[in-house]
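Notebook open, coffee at hand. I want to go through this one piece by piece and jot down what I look up.

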Amino acid sequence: MYAMTGATIIIKLLERQGITTIAGIPGGANLPIYDALFASQKIRHVLARHEQGAGFIAQGIARATGLPGVCFATSGPGATNILTAIADAYLDSIPIICITGQVPLSMIGTDAFQEVDTYGMSIPVTKHNFLVRSARELLRVIPAAFRIACSGRPGPVLIDVPKSVQTETIDFEQWPEPGRPEDVVICEDAALLRAVSMLDESQRPILYIGGGIVHSGAAQWVRKLAEKAEIPVTTTLMGLGTIPVSHPLDLGMLGMHAARSTNLALEECDLLIAAGVRFDDRATGKISEFCPGARVIHMDIDPSEVDKLKTSHIPLIGDVGETLAKMYPLVKSGGRGRWLARIRDLQERYPLVSGDSLSPRKPFGLILAISEMVERDAIIVTDVGKHQMWTAQVYPFMRPRQLLTSGGLGTMGFGLPAAIGASLAFPERQVVCFTGDGSLQMNIQELATAVEQQAGVTIVILNNGSLGLVRQQQGLFYERHHFASEYQVNIDFPAIARGFGMQAYDLGDGKTSLQSLSGAIRDPRPCLINVPIHIDEDVYPMVPPGAANKEMIGGYNEEYV
Amino acid sequence: MKNTSDLIAETNHWNYRIIVLELTVNNHPGVMSHICGLFSRRAYNLEKILCFPDKGGQLSRMWLQVNEEEKLDQIVKQLQKLDDVRDVSYYPKGAELFVGIEKVLHA
């Protein structure tokens, strides 16, 4: 028989789930939970400086490990602040558990101090959520939250716990089993066999893979199937790394900022094998003109993604790793030399990188130079903007979970706290955060958290003094009205970083060279490197928003089209 | 559980464009928000809704009239994903279901 408060039950259940790190900020409505956490020997608390930072630290842990991350926030502003990080996790299917404090049950609905309807606000941005009405419910709710977050298509779960539930003491006989992922769903054999013969008949197939491959741990099966059947592979932003950049079948990213050759190859394919992807508009462009001549096999664990935007000829609903593994022995090998030759021809005609873009003062050159300076097992995190797209275009990603980036929600401010989370999960590994001056300013307070935790994060600011992608669109589509996108203050980011107690370097000071920073990058302490980038450096090629993917602007040999 | 084409076939058999889904859901205060939130967020039309407690209050039964033939497949799949939704099925007497209530409304 145990007698415990709700708050202690929460902490004990988290310990029993194997949680060792929680990011959060205390406040009036979650102080009992914090008092119980104070007594925990097993869980390290990471004090963020803004609840959104706490949410992204939990995401960094989850994205780097594949296991659920946990974050805490208080009621009212704590809850509203953390919602952005939860929405971000929802759009990218990241398993996080967010536990928010709430005003006592008796005060709910009275507009009490720091009361907001956290439950109601979090419904559309969570996989599931709970408002706990008694301490006893926690014994069911906490394991259920972990089960839901990790089963099938992962996602965030929010648990709102009124203060009176945290302080309520109950007796109970035994602990519930920790929440574990449910068994995976396996696709139907009949559909699988039809897919195999559709692939065997195809002359110009392309595998289109995304975050689902990462979640399923299916990268090796993608590679095996692609190699056996000679299928070129394109990935979404979320799928980068699932096929190594050096692989001869790798086409890189598709869509808005893809290599021209990749989007053109998709125009020509006769079969699209979509695996763990959701036909996002940034990947497909105008959906009605995406892969116009292709039949579609769609593999996904979430039935609602199939036929949502593009009708599939064969849906394969189930775990994508299992599906690919079952398909692999059944498909014919090779025989697609002409198609691969055609793709090589396109790639030679429209290279993504060439000539002066490789100068280390240019975005591609800088990113590639840094990729050569870091260890092979380094984790790369980006924020959102031009630097993110440049990194996605050229960084030599070799494995799943090497890149952590905000894909679906595109949240500026993601990078720094997510990098801290990744570093907390893997303290022995280098973590490099490519960010922009705009993005960094959206969660710059987490520099303090990085220093306090001595997280081994190297922050590289590609500083163009602007909201670069916004400015680029204004230049292309709004008659060069560069309005509200150019900052009028030239911020001394290294001075700010030093103010937080962090080592900092400035490649714009006329003395420091990138090569001289290899020691700083290897230093296990956090550091920041400011790199001036010309404001007119744009991201090309680019598909205008709403246009078909074949309508690309810019990039090398554009005039060949 | 029936698939969407069966549902639509049955609907056409009734010769109405009225589609009523019957849901069995857990009965707690947030369920209605989850269901209605799904419809508003994903821009599905929800014409009529009826809800009664069932099984001694543990569960609720809901009937949703959703005049959305094209999106019906997505609506059903999205409803099935909600953790509190136990079952989704087509309610064959959909056209008649709301008649009595409408009489009260117009009396």
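**Salt bridges**

Before counting, I fixed the rule: I call it a salt bridge when a side-chain nitrogen of Lys or Arg is within 4 Å of a carboxyl oxygen of Asp or Glu. With that rule I get 26 salt bridges over all chains. Note to self: this is a predicted model.

I started with a pair that crosses between chains. Asp302(A) and Lys81(B) form a salt bridge, with the closest N and O atoms 2.6 Å apart. I placed Asp302(A) in the loop between strand 13 (295-300) and strand 14 (314-317) of chain A, and Lys81(B) in helix 3 (residues 72-81) of chain B. Is Asp302(A) buried or exposed? It has 3% relative accessibility, so I put Asp302(A) down as buried. Lys81(B) comes out at 35%, so it goes down as partly exposed.

Next I looked within chain A. Asp345(A) and Arg342(A) meet through their side chains in a salt bridge, 3.2 Å from N to O. Why are these two about one helical turn apart? Because they sit three residues apart in helix 14 (residues 337-349) of chain A. Asp345(A) is partly exposed at 32% relative accessibility, and Arg342(A) is partly exposed too, at 30%.

Then I checked Arg471(A), which has a salt bridge to Asp536(A), with 3.1 Å between the closest N and O atoms. This pair links distant parts of the chain, 65 residues apart: I found Arg471(A) in helix 20 (residues 468-477) of chain A and Asp536(A) in the segment after strand 20 (527-532) of chain A. Arg471(A) is buried, at 8% relative accessibility, whereas Asp536(A) is partly exposed at 42%.

I also asked which residues are joined into one network by salt bridges that share partners. My list reads Arg153(A), Asp302(A), Glu305(A), Lys308(A) and Lys81(B), and it takes in the pair that crosses between chains.

**Sheet in chain A**

I traced an open sheet of six strands with parallel pairing, in the order 3-2-4-5-7-6. Its edge strands are strand 3 (44-47) and strand 6 (128-131) of chain A, each of which pairs on one side only. On average, neighbouring strands are turned by 20° against each other, direction ignored.

How many bridges join strand 6 to strand 7 (residues 157-162) of chain A? I have four, and the two strands run parallel. In strand 7 of chain A, Val157(A) is the residue opposite His128(A).

I then looked at what lies across the strands. Helix 2 (residues 31-38) of chain A lies across strand 2 (21-24), strand 3, strand 4 (69-73) and strand 5 (96-102) of chain A, and runs at about 130° to strand 4 of chain A.

**Sheet in chain B**

Over in chain B I found an open sheet of four strands, order 2-3-1-4, with antiparallel pairing. Strand 2 (48-54) and strand 4 (85-90) of chain B are its edges, each pairing on one side only. The twist averages 15° from one strand to the next.

Strand 2 and strand 3 (residues 59-65) of chain B pair in the antiparallel sense over seven bridges. Lys48(B) stands opposite Gln65(B) in strand 3 of chain B. Helix 3 of chain B packs on this sheet, touching strand 1 (20-26), strand 3 and strand 4 of chain B, and its direction makes about 10° with that of strand 1 of chain B. Helix 3 of chain B is also where I placed Lys81(B).

**Met398(A)**

I stopped at Met398(A), in the loop between helix 16 (386-394) and strand 16 (403-404) of chain A. At 33% relative accessibility, Met398(A) counts as partly exposed. Which residues is it in contact with, leaving aside neighbours within four places in sequence? I noted Gly241(A), Pro244(A), Val245(A) and Ser246(A). I also looked up Arg376(A): it is 22 residues from Met398(A) in sequence and 8.8 Å away in space, C-alpha to C-alpha.

**Cavities**

Last, I searched for enclosed space. I got two cavities of 30 Å³ or more, and the largest holds about 150 Å³. Which helix gives the most to the lining of the largest cavity? That is helix 9 of chain A, with three residues. Helix 9 (211-216) and strand 16 of chain A each supply at least two residues. Among the lining residues I wrote down Gly211(A), Val214(A), His215(A), Leu403(A) and Leu404(A), as well as Arg63(A) and Ile94(A).

Note on methods
Residues numbered from 1 in each chain as written. Chains lettered and ligands numbered in written order. Predicted model: local features only at pLDDT ≥ 70, side-chain atom pairs only at ≥ 80, totals over all residues. Heavy atoms only, no water. Pairing = 2+ DSSP bridges. Axes fitted to C-alpha atoms, helices over the stretch in contact; angles between N-to-C directions. Contact = heavy atoms within 4.5 Å. Buried < 20%, exposed > 50% of the residue type's maximum accessible area, 1.4 Å probe, protein only. 1 Å grid on protein atoms, 1.4 Å probe; cavity = no way out; pocket = protein on both sides within 12 Å on 5 of 7 lines; lining within 4 Å. Points joined across faces, edges and corners; volume = space filled by probe spheres on them.
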